[in-house]
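Reader: Could you walk me through how to read a ligand site and a helix pair?

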Amino acid sequence: MAENSQLVKIEDVSMEYGEGSQRTVALDKINLTVNKGEFICVLGPSGCGKSTLLEIIAGYQFPTKGKAFFQGKPIKGPDWHKGVVFQSPTLYPWLSVEENVAFGPKMRGLDSKEIKEKTENFLRQIDLSSEGDKNVFDLSGGMKQRVALARVLANEPEMVLMDEPLGALDALTRLNMQGLIRTLWKENKNTVLMITHDVDEALALGTKVVVMSKQPGTILKEINVDYTYTAFQSDTHRIEMDEKYLKTKEEILGLITYN
Ligand SMILES: Nc1ncnc2c1ncn2[C@@H]1O[C@H](COP(=O)(O)OP(=O)(O)OP(=O)(O)O)[C@@H](O)[C@H]1O
Ligand SMILES: [Mg+2]
């Protein structure tokens with residue numbers, strides 16, 4: 001890969017919280033490169049430092065050792081080039097669906113025509129064009145998460161960081177949302193790093209699966225996969241679980257369980 005295709009570079013990053021008996025080593029000498037256009041899925045046992053890693057890339061936390069770069073520059077804090085989606089949708093409850101999506105572009109000082117165009121485009125992408133006037137508290141959990149996605153995408157971030165975005169949804173909504181996330185990634189051509197607990201979800205969406213060890217979190221393995229591309233070729237967006245798929249899944253489960 002050419003040097004300029006690198007979007008994120010994590011170099012020997014360690015992260016410790018607290019001191020003395022309270023000391024926790026959340027991450028231990030992590031190295032990770034994220035190239036433009038990749039869809040990285042991070043898997044690992046609970047407490048292994050997945051959210052910490054995402055927060056370092058987002059600029060919410062700073063590593064105690066090592067360096068983190070975004071577009072070649074040290075990460076100094078959050079900004080709209082890195083959009084973050086959490087497990088529970090972060091929306092402004094006093095604003096309508098449309099106003100929530102329009103919020104970022106407004107803050108960025110775009111003119112009203114551009115704001116309208118972007119808002120309409122992203123409401124269409126999440127299939128909520130006719131719900132723009134609704135209050136967000138009147139929406140279902142899945143709809144709220146779609147608005148949260150559109151709100152982040154309306155800023156046209158280089159990178160979308162998602163921390164178990166589908167964790168709170170029922171199985172069927174979750175499957176539908178996986179298809180939506182895949183389509184949004186393709187349409188908007190951004191780079192995604194998504195944390196999930198679900199190996200099938202990681203294999204269904206990722207171009208690369210990053211497997212972490214239990215605490216203190218290290219990277220055990222990076223596995224390139226292509227099921228997300230093949231899903232585009234089927235009308236239903238369902239993925240073919242061939243023999244290789246099952247072997248990869250077994251390998252990942254083994255890594256998570258025994259390391
Ligand atoms: N702000 C904080 N202050 C102190 N300790 C923290 C803080 N954030 C995380 N930790 C600790 O760091 C470790 C890693 O936490 P983190 O939330 O990154 O894990 P995770 O892999 O996202 O877990 P989960 O899968 O349960 O969400 C845990 O032991 C956690 O208690
Ligand atoms: Mg977490």
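Author: Happily. A polar contact is a pair of N or O atoms within 3.5 Å; within protein, one must be able to donate a hydrogen and the other to accept it, and residues adjacent in sequence count only if both atoms are side-chain atoms. Here, a polar side-chain atom of Ser-46 sits 2.6 Å from an oxygen atom of ligand 1. The side chain of Lys-50 has an N or O atom 2.8 Å from an oxygen atom of ligand 1, and for Gly-49 a backbone N or O atom lies 3.0 Å from one.

Reader: What should I keep in mind about the model and its labels?

Author: This is a predicted model: local features need pLDDT of at least 70, side-chain atom pairs count only at pLDDT 80 or more, and totals for chains, interfaces and linings use all residues. Residues are numbered from 1 along each chain as its sequence is written, chains are lettered from A and ligands numbered from 1 in the order in which they are written, and side-chain values use heavy atoms, leaving out hydrogens and water.

Reader: How many residues surround ligand 1?

Author: A residue is near a molecule if one of its heavy atoms lies within 4 Å of it. Ligand 1 has 14 residues around it, with Ser-46, Gly-47, Lys-50, Thr-52 and Gln-215 the closest.

Reader: And how do H2 and H3 pack?

Author: Helices are DSSP runs (H or I, at least four residues), numbered from the N terminus. Axes are lines fitted to C-alpha atoms over the stretch in contact, and angles run from 0 to 180 degrees between N-to-C directions. Helix H2 (residues 97–107) meets helix H3 (residues 112–125) at about 130 degrees, with axes 9 Å apart. That makes H2 oblique to H3; angles under 35 degrees count as roughly parallel, over 145 as roughly antiparallel, 65 to 115 as roughly perpendicular and the rest as oblique.

Conventions: Helices (H or I, at least four residues) and strands (E, at least two) are DSSP runs, numbered from the N terminus.
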